[in-house]
Amino acid sequence: MTTVWRLRTGADKRIRSGHPWVFSNELAESPKGLPPGSAVELQDAKGAFLARGYGNPHSLIAFRALSFNSQDEEPTSLDFLQNKVLNSWKVRKAAGFRGSFRLAFGESDYIPGLVLDYYVVEQKGQKAQVFAAQLVTAGMNEALKNVEEFFKGLVEKAKAQGLSEFGWDKSAVVVRNDVNIRKLEGLNVEEPKVIKDLSDFDLTDVEILLNAATDSGLVHMSCDLKEGQKTGFFLDQTHNIHLAVELYKNWAMTQEKRKLRVLDLCCYVGHWSTQITRALKAAGFEVEVSLVDVSKSALAFAKKNAEREGAEVIVHEMDVSTGLGELPSTHYDIVIADPPAFIKSKKDIPIGKHAYLKMNTQAFRVVKKNGFVASCSCSGLLEEEEFRDAIRKASLRNFSEVRSVLRGGHAADHPTLMQFPEGFYLKMYVHYVI
């Protein structure tokens, strides 16, 4: 049964513009008493239809829209949500994604509360597909309570529509509800759960396939899809890595053949350095990769991945907030500064801004002249102008002349909506040091 909520007079401007959220103080009456995650029809103060979705009376964001079409009578049904994901899948295919990518990106794919990563995996010559899902709202938690049924139906439809070559027998499903954001919705943080496994695959150490940065092939990346960070891999930087690697490759072609040194800070499993190695080795260069991370298990994967592409690897197990001073000055041709989010809430903004300044100061200290620094931030609460200012200060502490030569952002598998600025979070700049 769908509950009807009405907005206060004048509180409908944002939702009419296509923004998917309504806050509790915008409702005409208190929403208390409704079970979290229940289906809700939203109306304006006069009773005119606005949207359908789900509600949570215990959350500041009381309503999240799944459809603005009055003809969509059951937007929380499995069939409706499966078709939403299939639409997102078509967008990724149209953008040229093969192998692994983010399949559903919450509000930006009109599926609030669902983050879904799709992996093509390979082991012992066999291939399969893995869905890694995060259900971060009460509404999505409720809608997908029959999660195995949802994914089985999704797999069948995807294969029938030519979006995937794999059937249910070659599919795995991992639910990663081990994220603290669930607490804001009154949900428990849970241990990772394998809902559907693959008997011939070890998902704790498996190779995923990704679009290569500078050729038509696929890059193999080893990682842990059961308990690794996020959903096992960080897919959001794929586009930025491709942009930067093309730049580095063109620059390398102007250099005499020599060993090129790459420093990958907060490397996790080495996506940046693996793609860079592949491109530079193809251009005829020897590559030395220095990997820096606090996680021993992540470094082991990163070493394996970079070495697979032909890099000579040096491992530094250290905390970047305290250990970067140990690295040699003006030593690296390419430096990657891609930390986890330093800012997770508004109270973290001052400390987080200083952390970005500190890390990038070290990045510019250790890069050679005629080298590159890639600076990244995935903190949505950090304004882009503030991030640029941190990079500016960091660069000028070390060099009198640097040039910003590349600006990145979101890829097509992490889409954004103009009416939903909260979805913009990823920032990337590459600077060339004179």
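**Backbone outliers, sheet architecture and overall dimensions of a predicted chain**

Lys124 counts as exposed, because its relative accessibility of 79% lies over the 50% cut-off. In this predicted model, Lys124 is placed in the loop between strands β7 (114-123) and β8 (126-135), and its backbone adopts a positive phi of about 55° although the residue is not a glycine. Such a value calls for mention because most residues other than glycine have a negative phi. A positive phi, near 65°, is also found at Asn370, again a residue other than glycine. Asn370, however, is located in strand β17, and with a relative accessibility of 25% it counts as partly exposed, since this category covers values between 20% and 50%.

The strand that contains Asn370 belongs to an open sheet of seven strands, in which the order is β15-β14-β13-β16-β17-β19-β18 and the pairing is mixed. The edges of this sheet are formed by β15 (312-317) and β18 (402-408), each of which pairs on one side only. On average, and with direction ignored, neighbouring strands of the sheet are turned by 15° against each other. Within the sheet, β16 (residues 332-337) and β17 (residues 367-377) run parallel and are joined by five bridges; in one of the pairings between these strands, Ile334 has Phe372 of β17 as its bridge partner.

Two helices pack on this sheet. Helix α9, which spans residues 349-366, touches β13 (259-265), β16, β17, β18 and β19 (427-433), and its direction makes about 160° with that of β17. Helix α10, comprising residues 384-396, touches β17, β18 and β19, and in this case the direction of the helix makes about 25° with that of β19. Strands β17, β18 and β19 are therefore touched by α9 as well as by α10, given that a contact requires heavy atoms within 4.5 Å.

A separate pairing is provided by β11 (residues 206-211) and β12 (residues 218-223), which run antiparallel and are joined by six bridges. These two strands form a hairpin with six residues between them, and Asn211 stands opposite Leu218 in β12.

With respect to annotation, the unreviewed UniProt entry places the feature "domain: Rhodanese" at residues 265-308. In the model, the chain over residues 265-308 is 57% helix and 20% strand, and the C-alpha atoms at the two ends of this segment are 19 Å apart.

At the level of the whole protein chain, 10 helices and 19 strands are assigned. The radius of gyration is 23 Å, which agrees with the value near 22 Å that a compact globule of 434 residues would have. Taken along the principal axes, the C-alpha atoms fill a box of roughly 70 × 50 × 35 Å. Of the 434 residues, 56% count as buried, and the chain exposes about 18,400 Å², of which carbon and sulfur atoms supply 50%. Among the contacts in the chain with a separation of 6 or more, residues 24 or more positions apart account for 67%.

Key: Residues are numbered from 1 along each chain as its sequence is written. This is a predicted model: local features need pLDDT of at least 70, side-chain atom pairs count only at pLDDT 80 or more; totals for chains, interfaces and linings use all residues. Side-chain values use heavy atoms; hydrogens and water are left out. UniProt positions are given in the numbering used here, feature names are shortened, and annotations may be inferred rather than shown by experiment. Helices (H or I, at least four residues) and strands (E, at least two) are DSSP runs, numbered from the N terminus. Two strands pair if DSSP finds at least two bridges between them. The radius of gyration is taken over C-alpha atoms; the globule rule is 2.2 Å times the number of residues to the power 0.38. Buried means under 20% relative accessible area, exposed over 50%, partly exposed in between (1.4 Å probe, protein chains only). Accessible areas come from the Shrake-Rupley method with a 1.4 Å probe; for residues, only the protein chains shown count as cover. Axes are lines fitted to C-alpha atoms, for helices over the stretch in contact, and angles run from 0 to 180 degrees between N-to-C directions.
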